[in-house]
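Please examine the sequence and the structure shown below before reading on. The paragraphs after them form a guided explanation for a reader who is new to protein structure.

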Amino acid sequence: MAELYGVVAQYGSPDAVKAAAQTMRDHGYLQIEAYTPYPIEGLDDDLGQTQTRLGWVVLAMGMVGFIVGFGMQWWANVEFYPLNIGGKPLNSWPNFIVITFECTIIFSAFTAGLFMLFRNGLPQYYHPIFNTPGFENATRDKFFLCVEAQDKHFELAEVKGLLASTHPEKVSEVEK
Amino acid sequence: MALLGLKRLRRLPEGETDKVIGNHGGEQSYGSIDDVVNAPLYTHPLKTPTWWFVGFGIAFFFLMVYLYSVVYLIVKGTGIWGNNIPTAWAMPIINFVWWIGIGHAGTLISAALLLFRQEWRTSINRFAEAMTLFAVVCAGLYPILHLGRPWVFYWLAPYPNTYGLFPQFRSPLDWDLFAISTYASVSLLFWYIGLIPDLATVRDRHPYKLGKIFYGILCLGWRGSNKHWQRYMRAYLLLAALSFPLVLSVHSTISFDFAVSQVPGWNNTIMPPYFVAGAVFAGFAMVLILAIPLRKAFKLENFITMKHLDNSAKLMLATGLFVIYGYFVEIFSAWYSGSELERYMIYNRMFGKEYGWAFWALIFCNGIAIQPLWWKRVRYNPIALFIISIIVSVGMWLERFVIVAVTLTREFLPSSWGIYKPTFWDWSLYIGSLGLFSTLFFLFIRFLPSIATSEMKETLHHIEHHGDPALRLKDNKEAL
């Protein structure tokens, strides 16, 4: 028999999964995760998840983009190949604004998109949660809560009993 | 409650209430959203409706016309076009500006309306973003082809080279390269990130193995975990916040190509806002041109409702009025400048022997033809909207023609005044680019979910749980 990944309960509504997450948290389980067809407000608090810091990364990379964009133009025009164009100063910064702006945007936008995927571990070829029976409805109209076996307090019978008390539609053991 | 137009529901004509999203033959459920939207994706390739094959076939034919024209251009050179001094910027630049303008509405719908929490956008943002992307593809190819030696287009980009040269960063033409490449790549990213959860839905329901594999790869193994959703929503919001200034900057940058020059009629501070307004105007016209047949063909009337058409028409009217204001300012500032050259430019635009008609035609298309949109009956009539949108698209093309070509035929030096006549190849490249656009669009509606289903479910959830129960659809029906 393969190793156990966790116990997964299926719910029919977002409120049910939220209540169940709270119950499991109240009983001291920390390695829990919900799978839902759309983002549900407040579920991160129920699961005890901290806010993402993606915004700060994007801000930092946006600044890098700004410096790279302006720096490139400044360096090319002032240091690398100074050329008198229509008597303009070498560092004619108003002319550099558009490219600086575009570099800022492209650095921060690609950080937002790609860093999000990176932190989420996507693309991912295989994940044990897909072994859950009926999991194809997680992207449709069902809501799943998984208590992972790696949780410190994990004890199969107890977790199953607790989950059964949260009015799930189905509880299943999922293998790795 | 702008969302479903519920506030206005009472004033809707009889029978229209069913056409609000969410109310899909009684109760809308999360599952029925998927089933209706994704139905075309699940059909067997051989069972694709005939109209799709016919439409795709026609579009593909014109794509071939485009490719033939491009090859002929590369073999023969730009001499096959009507461009000549003084009208060096002609059809390629007109079409470039026209196409990129069309793209703007898509980004505006997906980014700006998201930030302003206009939830009605949910059912039209996906295909509007696709429209943006395909329009940018068509647009971006024109300046490259117009270079004369398209194969060295990368000289515009700063890259380490043995000549030890950099592009001229002070030139608006180089700003263009940065603006368009940023816009194209960020639009693609925004669109794709938005698609990921919906592709996962398609993966999970697809009846054929090949389809499961295809969409499984595309959705990158999305599993909808809450932590993922949290990062995803933050990234999506940030992308929207970044796209909004970007979309305003793109057409402004393109207008700098004109405004920074000294040509009479181009050297004008009204250009950036005037170009952006014109872009959004043309863009909403294209949204309507695409949405009206799309909702009919795929029976999406419950999602893309009359309310959406109405809102798009209102935005089209508003931006159209900005554009009309732009025309007045152009005429006024030409007179007010006191410059003989500026005054002559406007006189020639309006009453010139060769192209005076183009000015009056554009006034008709962009100024007069949109006035019926003040009436609700017109905004709620898809056929009327479709016709007006086509007229607006033509009008915006004429506007760019007047700005680009007509201005250049009367430059500073009378000895070089000339007349611009597009050749067969100018037209074939233009018609062909419409083929390129439609081919991509036909592939999109067949193979990708044309409505953002996960966002739709979120919206439905919001109405059910956070909306005023009195505003629930059923109750509204009774109230009527």
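The explanation proceeds from the contact between the chains to the cores, then to a helix, a strand and several loops. The reader should bear in mind that this is a predicted model.

We begin where the two chains meet. Here 53 residues of chain A are in contact with 47 residues of chain B. On the side of chain B that touches chain A, the elements giving two or more residues are helix 1 (30–42), helix 5 (172–205), helix 7 (226–259) and helix 15 (453–466) of chain B. Helix 7 of chain B gives the most to that side, with 16 residues. By kind, the residues on this side of chain B comprise 22 nonpolar, 15 polar and 10 charged.

We turn next to the interior. In soluble globular proteins, nonpolar side chains tend to be buried together. The largest nonpolar core in this model has 146 residues, and the members touching the most others are Ile94(B), Ala135(B), Leu239(B), Phe281(B) and Val287(B). Helix 8 (residues 271–297) of chain B gives the most to this core, with 17 residues. A second core, separate from it, consists of 26 residues, among them Val17(A), Leu47(A), Leu145(A) and Leu162(A). Leu239(B) also deserves a closer look. Leaving out residues up to four places away in sequence, Leu239(B) touches Ala109(A), Ala112(A) and Gly113(A) in chain A, as well as Leu189(B), Phe190(B) and Ile193(B) in chain B.

Helix 13 of chain B allows a simple check of length. This helix has 28 residues (382–409), and at 1.5 Å a residue it should span 40 Å; its end C-alpha atoms are 40 Å apart, which agrees. The same helix has a kink of about 30°, centred on Val402(B).

Chain A offers a pair of strands. Strand 2 (residues 32–35) and strand 3 (residues 143–148) of chain A pair in the antiparallel sense over 4 bridges. One of the bridge partners is Val147(A) in strand 3, which is matched with Ile32(A). Are the faces of strand 2 of chain A buried or exposed? Both faces are covered, since Ile32(A) and Ala34(A) on one side and Glu33(A) and Tyr35(A) on the other are all buried.

The loops contain some less common backbone geometry. Most residues other than glycine have a negative phi, and most peptide bonds are trans. In chain A, the peptide bond from Leu122(A) to Pro123(A) is cis, with omega near -5°. Pro123(A) is in the loop between helix 4 (97–119) and strand 3 of chain A. In chain B, a cis peptide bond joins Ile85(B) and Pro86(B), with omega about 5°. Pro86(B) belongs to the loop between helix 2 (50–76) and helix 3 (91–115) of chain B.

Two residues that are not glycine have a positive phi of about 60°: His167(A) and Leu220(B). His167(A) is placed in the loop between helix 5 (156–164) and strand 4 (170–175) of chain A. Because it has 13 C-beta neighbours inside 10 Å, His167(A) counts as partly exposed. Leu220(B) lies between helix 6 (209–218) and helix 7 of chain B, in the loop. With 18 C-beta neighbours inside 10 Å, Leu220(B) likewise counts as partly exposed.

The last stop is Ser261(B), in the loop between helix 7 and helix 8 of chain B. Ser261(B) is exposed, because 12 other C-beta atoms lie within 10 Å. Apart from neighbours within four places in sequence, Ser261(B) is in contact with Trp266(B) and Asn267(B).

Notes:
Residues numbered from 1 in each chain as written. Chains lettered and ligands numbered in written order. Predicted model: local features only at pLDDT ≥ 70, side-chain atom pairs only at ≥ 80, totals over all residues. Expected span 1.5 Å × (residues − 1). Bend = angle between axes of the 7 residues up to and from the residue. Core = buried A, V, L, I, M, F, W, Y, C linked by C-beta atoms within 7 Å. Buried ≥ 20, exposed ≤ 12 C-beta atoms within 10 Å, placed from the backbone. Contact = placed C-beta atoms within 7 Å. Nonpolar A, V, L, I, M, F, W, Y, C, P; charged D, E, K, R; others polar. Pairing = 2+ DSSP bridges.
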